[in-house]
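Trainee: Let's work through this one by question and answer. Keep the replies short.

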Amino acid sequence: MNTATPLPRLENLLPPDQAKEKQQLLDGLMQSQASINPKFFYDEIGCQLFTRLCELEEYYPTRTEAGILRHYAGEISAALRPQAQWVDLGCGDCSKTRSWLQHFSPSRVIGVDIAGDYIRACLANIADGYPDLECVGVISDFTRRLDLKDLLAEDADSPPVFFYPGSSIGNFDRNQALRLLRRILEHCGQRGQLLIGADLVKPLPVMEAAYNDSQGLTAAFNLNVLRVVNRLLQADFNPDAFEHSAVYDARNSRIEMRLIATRPQTVRLGSSAVRQFRRGEYIITEHSHKYTPAGFGLLLAEAGFPRQQMWTDARGWFGIFLAEPDA
C-alpha cells in the first residue's frame, strides 16, 4: 500500500503576465543610480546560497534570532493564539517554521514565497514530519501585493499569525515597510497577530562582516542576481565584470549591498535597451535597515499594531516583536 504523504497544495497568485515585473527590473537598471529589487535574488540557486549563508558564523541574524526563539519559546508560544493559521512570509526553505512547530501547534501552515518549486519541496518536508497538518504553498510577490483573504479559513477560532522572520522588513524604506505592514494588518481582523524579526543597531564591524563573509557566499549570492537578470530580460551581464561590496550608511542606518563594475562595459538589456557602466559605477541590490527597539516599535504602531511585546538576546543585537491590532 502506498502511504506517501500527498504533496502540499500550491496556489499561484503571481499574475500570469510578468511584463510589469520585467519592466520594473528594467526601469531600475536604467535609472541614473542603477538598482535591482532584492526579490530577484531568490531563484533556485539564490535560495540555496542564502540557506548556506545563514549558517555562517559571520551572519549573526539567523543564529541570534534562532537563539531568541529557542530561549523564549515557551513565553512566545503562550502569547500566540492557539490553533492559529501560521502564515510564513518569505518562507524560503521553511526551516524556521519547522523549528517552531516543536513549540506551537497551528491549525495549518501557509508558506508564501516567490520561488514556487522551492516552496513545494520544503513544505513537503514539513508535511512528512507532520502528516496531519495541512500545508499550503503560495507563490506570490507579497511585497507588492498581499491578498490571502480567499485562502485563509474564515474561522474565528483560527485567526492568522503572520510570521516574518530574518529582519526581511529591513529591505524596505520606512514608507515601503509601512505599506507592507498595513497589508498584513488588513488580514488580521481583531485577533490576528504578527511575529516579526528586526535587526537592531550594533557595532559596525559586526554588521559589515555579516555582509562580507570570508567564504564569499554573500558575494556569490549577490552576483547571482545578474544571472537572474540575464534570464528575465535576455540581457548580457558578465558577472565576472562586477564585484560585491557592502557598506554601512550611518545616516540612513542601513547596510547597502552593491555590485561594482570592475571595468567600463556596455550591457544589453533585451532587444532595445543598452546601459553603459563606467569602472567603479555600481548597482544597488539591497538595503538592510537596522533599528532601535523604540524605532521599530513606533513603526509597528504607525502601521496599526500598537499592542507589542519584544524579546531580544543578551547583547541586544536582534529583536523579536509580537504585534497585535487594537483590541
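Trainee: At about what angle to strand 13 does helix 3 run?
Mentor: Helix 3 covers residues 60-71. Helices (H or I, at least four residues) and strands (E, at least two) are DSSP runs, numbered from the N terminus. Axes are lines fitted to C-alpha atoms, for helices over the stretch in contact (heavy atoms within 4.5 Å), and angles run from 0 to 180 degrees between N-to-C directions. Helix 3 lies across strands 5, 6, 12 and 13, and its angle to strand 13 is about 55 degrees.

Trainee: Which pLDDT do local features need?
Mentor: Residues are numbered from 1 along each chain as its sequence is written, and side-chain values use heavy atoms, with hydrogens and water left out. This is a predicted model: totals for chains, interfaces and linings use all residues, side-chain atom pairs count only at pLDDT 80 or more, and local features need pLDDT of at least 70.

Trainee: In what order do the strands of the open sheet run?
Mentor: Two strands pair if DSSP finds at least two bridges between them. Eight strands form the sheet, and the pairing is mixed. The edges, pairing on one side only, are strand 1 (9-12) and strand 12 (307-312). The order is 1-4-3-2-5-6-13-12.

Trainee: Which residue in strand 13 is the bridge partner of Trp311?
Mentor: Strands 12 and 13 run antiparallel, joined by six bridges. In strand 13, the partner of Trp311 is Ile320.

Trainee: Which elements do the buried residues of helix 7 pack against?
Mentor: Helix 7 spans residues 174-188. Its buried residues (under 20% relative accessible area, 1.4 Å probe, protein chains only) include Leu178, Leu181 and Ile184. They pack against strand 2 (85-89), strand 5 (160-164), strand 6 (193-199) and helix 10 (293-303).

Trainee: Which residue with a positive phi follows helix 7?
Mentor: Start at the other end, where a side-chain oxygen of Asp173 comes within 3.2 Å of the backbone nitrogen of Asn175. After the helix, phi is near 60 degrees at Gly189.

Trainee: How many degrees lie between the planes of Phe142 and Tyr164?
Mentor: Rings of Phe, Tyr and Trp (its six-membered ring) pair if their centres lie within 6.5 Å; planes under 30 degrees apart count as stacked, over 60 as edge-to-face and the rest as tilted. The structure holds 17 aromatic pairs. Phe142 and Tyr164 are 5.7 Å apart, centre to centre, and edge-to-face, at 85 degrees.

Trainee: Is Tyr164 buried or exposed?
Mentor: Tyr164 lies in strand 5, 22 residues from Phe142. Its relative accessibility is 3%, so Tyr164 counts as buried.

Terms used
Expected span 1.5 Å × (residues − 1). Buried < 20%, exposed > 50% of the residue type's maximum accessible area, 1.4 Å probe, protein only. Polar contact = N/O pair within 3.5 Å; in protein donor to acceptor, adjacent residues only side chain to side chain.
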